[in-house]
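Work through the exercises below with the model open. Each task is followed by its solution.

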Amino acid sequence: MSALAKIAKPLGQTPDELEMQVAQAIFDLEQNAELKADLRGLQFTSAKEVDAGHGRKAVVIFAPVPLLKAFHKVQTRLVRELEKKFSDRHVLVIAQRRIMRKPTRRARVTQMRPRSRTLTSVHEKILEDLVYPTEIVGKRTKVRVDGSKLIKVFLDRKDHTALEYKLDTFSATYRKITGKDVVFEFPVAAGQE
């Protein structure tokens, strides 16, 4: 068993240097006794480095959708350990989802496009994956006079202390993946105003 077993790439594609580093780090953590059982079956499809602004970088790990639930079980511990190994870089886990194009009149479509493969659905799911283990409690879309849109996402207040430093990383990563501008905030409780 080697670190290469942690990367699930299509045939003919070779992993790059960052993916090998992530695979080796996960493999090393698997050798640890306390995480061994949880990390045994986990694989990821790719890893990318994203510029998070202010000179910071983030490592985005793309996991296959069927394995996302298994990643969520150990995500807090896994991310904490990986952030120790990749110093001064945030680590995010997102599912590798596919967007199917809208069927046109010319396309011969034998079956309907699943709702989970629509652009809107995939972007919503990426947003949820990005902020996991926090939940999204509200969303507002602000359309400016020039026509540009800004999405405000309100996160659960109970995780305020744990995620405050990552909000810029979330915004930069979501913009890089989807091209949409997002601002993450924690709603102010009525008693605190």
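Two strands count as paired if DSSP finds at least two bridges between them. The model is predicted.

**Exercise 1.** Find how strands β1 and β2 run and how many bridges join them.

Solution.
- Locate β1 at residues 46-53 and β2 at residues 56-64.
- Count the bridges: seven join the two strands.
- Compare directions: β1 and β2 run antiparallel.
- Pick one facing pair: Ala47 stands opposite Ile61 in β2.
- Go to the turn: two residues lie between the strands of this hairpin, and His54 takes a positive phi near 55 degrees.

**Exercise 2.** Classify the packing of helices α4 and α6 from the angle between them.

Solution.
- Take α4 as residues 119-131 and α6 as residues 167-178.
- Read the geometry: the angle is about 150 degrees, and the axes are 11 Å apart.
- Apply the cut-off: angles over 145 degrees count as roughly antiparallel.
- Conclude: α4 and α6 are therefore roughly antiparallel to each other.
- Add the handedness: α4 passes α6 in a right-handed crossing.
- List the contacts: His123, Ile126, Leu127, Leu130 and Val131 in α4 meet Phe170, Thr173, Tyr174, Ile177 and Thr178 in α6.
- Sort them by class: the contact has seven nonpolar, three polar and no charged residues.

**Exercise 3.** Place Val109 and assign its accessibility class.

Solution.
- Find Val109 in the loop between β3 (89-96) and α4.
- Take its relative accessibility, 45%.
- Apply the cut-offs: buried is under 20%, exposed is over 50%.
- Val109 therefore counts as partly exposed.
- Check the span: Val109 and Ala95 are 14 residues apart along the chain, and their C-alpha atoms are separated by 26 Å.

Terms used. Residues numbered from 1 in each chain as written. Predicted model: local features only at pLDDT ≥ 70, side-chain atom pairs only at ≥ 80, totals over all residues. Heavy atoms only, no water. Axes fitted to C-alpha atoms, helices over the stretch in contact; angles between N-to-C directions. Helix = DSSP H or I, 4+ residues; strand = E, 2+ residues; numbered from the N terminus. Parallel < 35°, antiparallel > 145°, perpendicular 65-115°, else oblique. Left-handed = near helix turned anticlockwise from the far one by under 90°. Contact = heavy atoms within 4.5 Å. Nonpolar A, V, L, I, M, F, W, Y, C, P; charged D, E, K, R; others polar. Buried < 20%, exposed > 50% of the residue type's maximum accessible area, 1.4 Å probe, protein only.
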